[in-house]
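Subject: Structure for you to look through, with notes

Dear colleague,

I am passing on the structure we spoke about, together with the notes I made while going through it. Please have the model open beside this message as you read.

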Amino acid sequence: MDDARSRLRWASWRHTTRDEDIAYSLFGIFDLHLPVLYGESAEKALGRLLVEIISHSGDISILDWVGEASSFHSCFPAHITSYQTLPLPHFPDTDEGLLGMSWQPSLSTALRKLCRSLTESPPPEFVNRRLTLPCITHGVTAIQLKGDNALSPSYKYRILASGLRPLEITLPARLEDAAMKQGALQLVRPWHSKLLSLSAELDATTEKQLLSSLERPFHALLLIRLPHKKYKRIASSTLIVAQPVDSSSVVQSEVRTLNIV
């Protein structure tokens with residue numbers, strides 16, 4: 001179990017006498033010293049655990065879940081079972097793949113600028129119920145309701161976002177009119193500088209490795225803009241899998257640090 005999400009997924013299959021004991025049993029596994037508060041809800045116990053994980057390690061894999069959002073924070077799930085969905089598989093770079101890339105020297109300057117922005121981005125931080133999260137952002141430019149399911153509450157939308165290929169998402173609730181307005185939604189790729197295992201100086205090979213990594217599909221978060229420069233996550237029923245259009249769209253990506261409540 002390499003990352004925090006893997007441990008949470010393992011714990012999500014456990015059964016305990018008290019629901020909150022699942023979160024409490026993970027305090028030691030994550031080497032966290034938190035008070036056990038019997039009588040609090042399992043949702044709040046999980047929320048306290050996730051706050052400490054991201055505050056101590058910055059491990060953004062805990063944001064990779066589907067299902068109902070927690071009342072504790074929109075970026076956290078209400079139930080630990082939301083981690084049972086398998087994450088996206090990791091495909092390591094191969095020499096053949098790198099050699100097959102159509103490398104354009106003109107991309108080098110823009111890629112170095114993007115790399116600098118990613119490297120210098122602050123670590124994720126959780127303070128006063130607010131998550132400060134560095135992201136690669138993609139503004140939603142068009143959204144269309146494709147259909148709904150009368151048997152189970154689910155709504156399928158087709159989304160166009162800057163720098164991304166068209167994609168479809170499934171939500172447990174219908175989007176409000178405010179979310180359908182231009183500029184209200186963002187698809188974001190959460191970031192931590194630890195994801196860049198590159199040397200300070202990029203050469204042609206490491207540039208190709210970075211570009212290859214950023215061109216892969218990724219699990220995106222759907223955010224809605226709130227007043228006072230805040231954002232809120234909109235929970236999805238399935239993984240939101242996004243992929244950049246091409247190399248040019250990758251190097252033109254915008255890196256921002258967002259305040260999510």
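The notes below begin with the whole chain and then turn to individual places in it.

**The chain as a whole**

Please keep in mind throughout that this is a predicted model. The protein chain contains seven helices and ten strands, and its C-alpha atoms fill a box of roughly 60 × 45 × 35 Å when this is taken along the principal axes. For 261 residues a compact globule would have a radius of gyration near 18 Å, and the 19 Å of the protein chain agrees with that. Of these 261 residues, 45% count as buried, while the accessible surface comes to about 13700 Å², with 50% of it belonging to carbon and sulfur atoms. Among contacts with a separation of 6 or more, 63% are accounted for by residues 24 or more positions apart. As for charge, the chain has 28 positive and 27 negative charges, and the mean positions of the two sets are 6 Å apart.

**Helix H2 and Arg48**

Helix H2 covers residues 21-29, and its buried residues are Asp21, Ile22, Ala23, Tyr24, Leu26 and Phe27. The cover over these buried residues includes helix H1 (4-11) and helix H3 (42-57). Just after H2, Asp31 takes a positive phi of about 55°.

Arg48 belongs to helix H3, and two of the buried residues of H2, Tyr24 and Phe27, are among the residues that Arg48 touches, together with Leu34, Pro35, Leu37, Glu40 and Phe72, when residues up to four places away in sequence are not counted. Although it carries a charge in the count used here, Arg48 is classed as buried because its relative accessibility is 13%, which is under the 20% limit. The side chain of Arg48 reaches the backbone oxygen of Pro35 at 2.8 Å, and the C-alpha atoms of Arg48 and Leu34, which are 14 residues apart along the chain, are separated by 8.4 Å.

**Gln84**

Gln84 is placed in the loop between H3 and helix H4 (95-100), where its relative accessibility of 22% makes it partly exposed. Gln84 and Trp10 are 74 residues apart in sequence, and their C-alpha atoms are 8.1 Å apart in space. With residues up to four places away in sequence not counted, Gln84 touches Arg9, Ser12 and Trp13.

**Ser121**

Ser121 sits in the loop between helix H5 (107-119) and strand S1 (125-127), and with a relative accessible area of 8% this serine is buried. A polar atom of the Ser121 side chain lies 2.7 Å from the backbone oxygen of Leu118. Leaving aside neighbours within four places in sequence, Ser121 is in contact with Pro134, Trp191 and Ser193.

**Asn128 and Arg129**

Most residues other than glycine have a negative phi. Against that background, Asn128 has a positive phi near 55°, and Arg129 has a positive phi of about 65° although it is not a glycine. Asn128 is found in the loop between S1 and strand S2 (130-149), and Arg129 lies in the loop between S1 and S2 as well. As to accessibility, Asn128 counts as exposed at 72%, whereas Arg129, at 43%, counts as partly exposed.

**His219**

Which side chain does the side chain of His219 join in a polar contact of 2.5 Å? The partner is Asp64. His219 is found in strand S6, which covers residues 218-219, and at 13% relative accessibility it counts as buried. Asp64 also appears in the list of residues in contact with His219 once neighbours within four places in sequence are left aside, and that list further holds Leu63, Trp65, Leu88, Val188, Pro190, Arg233, Leu239 and Ile240.

If you look at one place beyond the overall fold, I would suggest the surroundings of Arg48, where the contacts with Tyr24 and Phe27 and the 2.8 Å approach to the backbone oxygen of Pro35 can be viewed together.

With best wishes

Key:
Residues are numbered from 1 along each chain as its sequence is written. This is a predicted model: local features need pLDDT of at least 70, side-chain atom pairs count only at pLDDT 80 or more; totals for chains, interfaces and linings use all residues. Side-chain values use heavy atoms; hydrogens and water are left out. Helices (H or I, at least four residues) and strands (E, at least two) are DSSP runs, numbered from the N terminus. The radius of gyration is taken over C-alpha atoms; the globule rule is 2.2 Å times the number of residues to the power 0.38. Buried means under 20% relative accessible area, exposed over 50%, partly exposed in between (1.4 Å probe, protein chains only). Contact means heavy atoms within 4.5 Å. Accessible areas come from the Shrake-Rupley method with a 1.4 Å probe; for residues, only the protein chains shown count as cover. The place of a charge is taken as NZ of Lys, CZ of Arg, CG of Asp or CD of Glu. A polar contact is a pair of N or O atoms within 3.5 Å; within protein, one must be able to donate a hydrogen and the other to accept it, and residues adjacent in sequence count only if both atoms are side-chain atoms.
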